[in-house]
Each structure stands twice: as C-alpha cells, then as structure tokens.
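Let's take a walk through this fold together, one neighbourhood at a time. Keep the structure open beside you as we go.

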Amino acid sequence: MAINALYGQYFQKSKIFLYPLLDIKKGSSVTPIQTYLGWDGYYTPEDVKLIAIYKSREDAQYVNFEKNILLKHSRLADLMKINDNEMLAAFDFSDISDDWHNLIEGKYSKLTPNIKRKISNYFQNNPANHVYINSYLFPSDYFAIYSELLQCDENLLKEVGELCSKPDLEKEILYEKVQDLQITKILD
C-alpha cells in the first residue's frame with residue numbers, strides 16, 4: 001500500500017507507539033478505550049508509565065483478559081477500577097526509558113531496532129496503517145514521498161528528520177479530578 005495523502009488528524013502516540021510493546025495480541029476482544037502518557041496528579045510522562053483505560057465488563061472474555069493477561073503482565077504497575085464502567089491499568093516502561101524519552105520528544109526514528117520491529121509487526125496485518133507507521137519509524141525511506149505531498153524541499157524534511165509530530169501532552173495526559181473518580185485499587 002502506498003502513501004498518497006498525509007495523515008491529517010491527531011492520533012494518540014501512546015496507543016500507536018507504546019501499546020504494541022505490551023505484546024497484547026492485536027484483535028483481542030478487549031482493547032483500551034484510550035491510552036495516555038500520564039495521569040494528572042498521579043503519573044507524569046517522566047514516570048515512564050503507559051496508562052490504559054479499559055471498559056470494565058463482566059463477560060467471560062473480559063474476566064479472562066483481566067485475570068490471565070492484565071494481572072499477570074510483567075509491566076503492570078497498577079490496576080484500579082476508576083468507576084463502575086472503567087478500569088485503569090498503568091504499565092511500567094522504565095526498562096526502556098531511552099526509547100520512552102525518544103517517543104516523548106517525537107524522535108520515532110531514534111527508537112531502538114527491536115522496539116521499531118515490535119511496533120511495525122503489530123500493524124503488519126493492517127496495510128493502510130502499517131505504511132504510515134513505517135514512514136514514522138523509518139523516515140529516510142519516505143522523505144521523497146512526503147516532500148511531494150507537502151510540496152516542499154526533500155532536504156528540509158531530512159533536516160527535520162522526522163515525519164510524525166511529537167505527542168500532544170494536553171491530549172496524552174488523562175485529566176480526571178480525583179473527586180470525580182471512585183477508585184478501587186486492585187493491586188495492593
């Protein structure tokens with residue numbers, strides 16, 4: 001699949017570049033409602049925790065997912081019910097803090113080869129997204145295409161070095177006031 005238009009809308013960088021690193025099978029019936037790089041008042045991006053919000057369900061698939069995947073996940077730092085309908089999972093990425101900081105800075109091409117491979121493989125079965133993801137991870141292969149789409153000098157793109165915007169921390173931080181949440185901690 002070829003890139004013939006720019007991806008115009010903002011997308012959660014945490015969902016595209018970090019969630020795949022959890023090795024949670026794509027296509028699972030349980031996927032996060034949203035992901036974040038922090039939670040205002042609890043976790044900052046510097047804490048190197050991916051926040052994932054899941055719709056809490058009582059069906060067998062969700063119970064199995066929570067019991068066998070979430071609760072057993074090696075990166076799980078915190079799991080709590082934040083209201084009657086949602087669970088919050090915080091995953092620790094401190095072991096790859098250099099990659100985390102490159103992501104925060106929008107330096108996707110600087111991610112380590114193993115991390116890039118995992119992200120790319122996660123989207124492999126979705127050709128429409130896969131080509132864009134690869135253009136962000138391996139921009140040098142796509143500078144010519146993007147220079148045509150942007151109608152700019154290819155050297156300008158090479159100077160910038162990246163083809164994807166930095167995370168927007170206003171959108172990548174979960175803003176929920178404590179009094180609005182009914183927190184029930186599951187991990188203690």
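A good place to start is Met 80, which stands opposite Leu 88 in S5. Keep in mind from here on that this is a predicted model. The pair belongs to a ladder in which strand S4 (residues 76-81) runs antiparallel to S5, with 5 bridges joining them. If you follow the chain from S4 into S5, you'll see the two form a hairpin, with 4 residues between them.

S5 has another partner too. S3 and S5 pair in the antiparallel sense, this time over 7 bridges. Here you can pick out Lys 55, which stands opposite Glu 86 in S5. How much of S5 (residues 86-92) is covered? Mostly covered is the answer, as 5 of its 7 residues are buried.

Now step off the end of S3. Ser 56 sits in the loop that links strand S3 (49-55) to helix H2 (60-70). Is Ser 56 buried or exposed? Its relative accessibility is 16%, and because the cut-off for buried is under 20%, Ser 56 counts as buried. Look around Ser 56 and, setting aside neighbours within four places in sequence, you'll find contacts with Tyr 62, Lys 81, Asp 84, Asn 85, Glu 86 and Met 87. Two of those names should ring a bell: Glu 86 is the residue across from Lys 55, and Tyr 62 will come up again in H2.

On to H2 itself, then. At its start, a side-chain oxygen of Asp 59 comes to within 3.2 Å of the backbone nitrogen of Gln 61. Further along, the buried residues of the helix are Tyr 62, Phe 65, Glu 66 and Leu 70. Viewed down the axis of H2, these buried residues fall within an arc of 95°, so they line one face of the helix. The spacing fits a general rule: an α-helix has 3.6 residues a turn, so residues three or four places apart point the same way. What does the buried set of H2 pack against? Those residues pack against S3, S4 and S5, the strands we've just toured. Flip to the other side of H2 and you'll meet Ala 60 and Lys 67, both exposed.

Let's carry on past S5. Ile 96 has its place in the loop between S5 and helix H3 (97-104). With a relative accessible area of 15%, Ile 96 is buried. Beyond its neighbours within four places in sequence, Ile 96 is in contact with Leu 21, Arg 75 and Ile 115. Try checking Ile 96 against Val 48 as well: they are 48 residues apart in sequence, and their C-alpha atoms are 8.8 Å apart in space.

Time to look at the nonpolar interior. The largest nonpolar core has 45 residues, and the members that touch the most others are Phe 17, Tyr 54, Phe 91, Phe 93, Ile 119 and Tyr 136. Which helix gives the most to this core? That's H5 (residues 127-137), with 5 residues. There's also a second, separate core of 10 residues, and it includes Trp 39, Ile 53, Met 80 and Leu 174. So our opening residue turns up again: Met 80, across from Leu 88, belongs to that second core.

Next, a quick word on backbone oddities. Most residues other than glycine have a negative phi. Asp 23 isn't a glycine, yet its phi is positive, near 60°. You'll find Asp 23 in the loop between helix H1 (13-18) and strand S1 (34-36), where it counts as exposed at 55% relative accessibility. Gln 151 is a similar story, with a positive phi of about 55° although it is not a glycine. Gln 151 lies in the loop between helix H6 (143-150) and helix H7 (154-160), and with a relative accessible area of 74% it is exposed.

Last stop, the cysteines. How many disulfides are there? The count comes to 0. Cys 152 is in no disulfide, and the nearest cysteine sulfur, that of Cys 164, is 16 Å away. That gap rules the pair out, because a disulfide needs sulfur atoms within 2.5 Å. As for their surroundings, Cys 152 is partly exposed, with a relative accessible area of 24%, whereas Cys 164 counts as buried at 10% relative accessibility.

Technical notes. Residues are numbered from 1 along each chain as its sequence is written. This is a predicted model: local features need pLDDT of at least 70, side-chain atom pairs count only at pLDDT 80 or more; totals for chains, interfaces and linings use all residues. Side-chain values use heavy atoms; hydrogens and water are left out. Buried means under 20% relative accessible area, exposed over 50%, partly exposed in between (1.4 Å probe, protein chains only). Contact means heavy atoms within 4.5 Å. Two strands pair if DSSP finds at least two bridges between them. The arc is that of the directions from the helix axis to the C-beta atoms. A polar contact is a pair of N or O atoms within 3.5 Å; within protein, one must be able to donate a hydrogen and the other to accept it, and residues adjacent in sequence count only if both atoms are side-chain atoms. A nonpolar core is a set of buried Ala, Val, Leu, Ile, Met, Phe, Trp, Tyr and Cys residues joined through side-chain atoms within 4.5 Å.
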